[in-house]
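Q: I would like to learn how to read a structure feature by feature. Where do we begin?

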Amino acid sequence: MELGGRVVVVTGGTRGVGAGIARSFLTAGAEVVVCARRPPREPVAAAGRAASFTALDLRDQAAVRDFFGAVAARHGRLDCLVNNAGGTPYRRLGEGEAERHARVVELNLLAPLTASLAAYPWLRESRGSVVMIGSVSGTRPSPGTAAYGAAKAGLENLARSMAVEWAPRVRVNSLVLGMVRTELAHLHYGDEAGIAAVGATVPLGRLAEPSEVGEAAVFLASDRAGYVSGASLLLHGGGERPAFLDAATVNQDEES
């Protein structure tokens, strides 16, 4: 299998996008370790194989260092780190104290930095790679999730700097995600009608599936992407149709 014998860590890999990424790596033949603060309700599995789980708070730097040391000791190597853990509640800037917004930045920017630094010695030894899971929220205004958008913008820049500093032994890339349909999609987009309506705003007409994010992550970690580093791969179904096109009274496209 494409990644047979490789060892991959997926942070936040117990549900949603992270679980989809973990399953794609399992299908590609890798040994997968997922970490999160709480265990999954059932093992993350695919292709007759399951990921191992370790409880970990990524904000605890000492625990993160110990975790990667244990992974390397148990498996003898580490080939890829997928920094997926993150997220944010909807909160306008004026509705929360600075400390709450700072915690969002800590989870979405500082935690991936902490994990990457802890994993680096073993990734360097294996000539491995880091995949940052970014967001289009870091490329455009992000009202209601401003701290999250700022952190994701920083994460993409961090990946590019890492790619330069850690070359040629470690490749670092970003997957910049648009909207993804997960088991928590209703919290962001509403019921099935709301999810369908939101999906209709995407040029490809739907939200991404976690497995599609996983396939892109597998590509970036594989030898097929051996000359890809410092790159940001947009995975957003074509992006967002500019609002002014629908507001204009001329040049309306009548094609469906």
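A: This is a predicted model. We begin with a salt bridge: Asp57 pairs with Arg59, and their closest N and O atoms are 3.1 Å apart.

Q: Are Asp57 and Arg59 buried or exposed?
A: The scale calls a residue buried under 20% relative accessible area and exposed over 50%, with partly exposed in between. Asp57 has 29% and is partly exposed. Arg59, at 35%, is partly exposed as well.

Q: Which residue does Arg77 meet in a salt bridge?
A: The side chain of Arg77 meets that of Asp79, at 2.5 Å from N to O. Asp79 has a relative accessibility of 7% and counts as buried, whereas Arg77 is partly exposed at 34%.

Q: What does the salt bridge between Glu2 and Arg224 tie together?
A: For any such pair, look up where each partner sits in the chain. Glu2 and Arg224 meet through their side chains at 2.7 Å, N to O. Glu2 belongs to the segment before β1 (7-11) and Arg224 to the loop between α7 (210-221) and β9 (232-235), so the salt bridge links parts 222 residues apart in sequence. Glu2 is partly exposed, with 39% relative accessible area, and Arg224 is exposed, with 56%.

Q: How many salt bridges are there in the whole structure?
A: A search of the whole structure finds 10.

Q: Now the strands. How many residues of strand β7 are buried?
A: For a strand, check the residues on each side in turn. Strand β7 covers residues 129-135, and 7 of its 7 residues are buried. On one side these are Ser129, Val131, Ile133 and Ser135; on the other they are Val130, Met132 and Gly134.

Q: Which strands does β7 pair with?
A: Count the bridges and note the direction. Strand β6 (residues 80-83) runs parallel to β7 and is joined to it by 4 bridges. Within this pair, Cys80 stands opposite Ser129. Strand β8 (residues 171-177) also runs parallel to β7, with 7 bridges between them. Here Ser135 of β7 stands opposite Leu177 of β8.

Q: What is the handedness of the unit made by β6, α3 and β7?
A: Follow the path from one strand over the helix to the next. The β-α-β unit of β6, helix α3 (residues 98-126) and β7 is right-handed. The unit of β7, helix α4 (residues 146-165) and β8 is right-handed too.

Q: What should I look for in the backbone of the loops?
A: Look for cis peptide bonds and for positive phi outside glycine. The bond from Ala167 to Pro168 is cis, with omega near 0 degrees, and Pro168 is in the loop between α4 and β8. Ala47 has a positive phi, near 55 degrees; Ala47 lies in the loop between β3 (45-46) and β4 (49-50) and is exposed at 55% relative accessibility. Arg127, in the loop between α3 and β7, has a positive phi of about 55 degrees. Arg127 is partly exposed, with a relative accessible area of 48%.

Q: How is empty space found, and which residues lie nearest the centre of the second largest pocket?
A: A probe the size of a water molecule, rolled over the atoms, shows where empty space is left. The second largest pocket has a volume of about 220 Å³. Of its 17 lining residues, Arg127, Gly128, Arg171, Ala221 and Asp223 lie nearest the centre. By class, the lining has 7 charged, 5 polar and 5 nonpolar residues.

Conventions. Residues numbered from 1 in each chain as written. Predicted model: local features only at pLDDT ≥ 70, side-chain atom pairs only at ≥ 80, totals over all residues. Heavy atoms only, no water. 1 Å grid on protein atoms, 1.4 Å probe; cavity = no way out; pocket = protein on both sides within 12 Å on 5 of 7 lines; lining within 4 Å. Points joined across faces, edges and corners; volume = space filled by probe spheres on them. Nonpolar A, V, L, I, M, F, W, Y, C, P; charged D, E, K, R; others polar. Buried < 20%, exposed > 50% of the residue type's maximum accessible area, 1.4 Å probe, protein only. Helix = DSSP H or I, 4+ residues; strand = E, 2+ residues; numbered from the N terminus. Pairing = 2+ DSSP bridges. Right-handed = clockwise from strand over helix to strand, strands pointing away. Salt bridge = Lys/Arg side-chain N within 4 Å of Asp/Glu carboxyl O.
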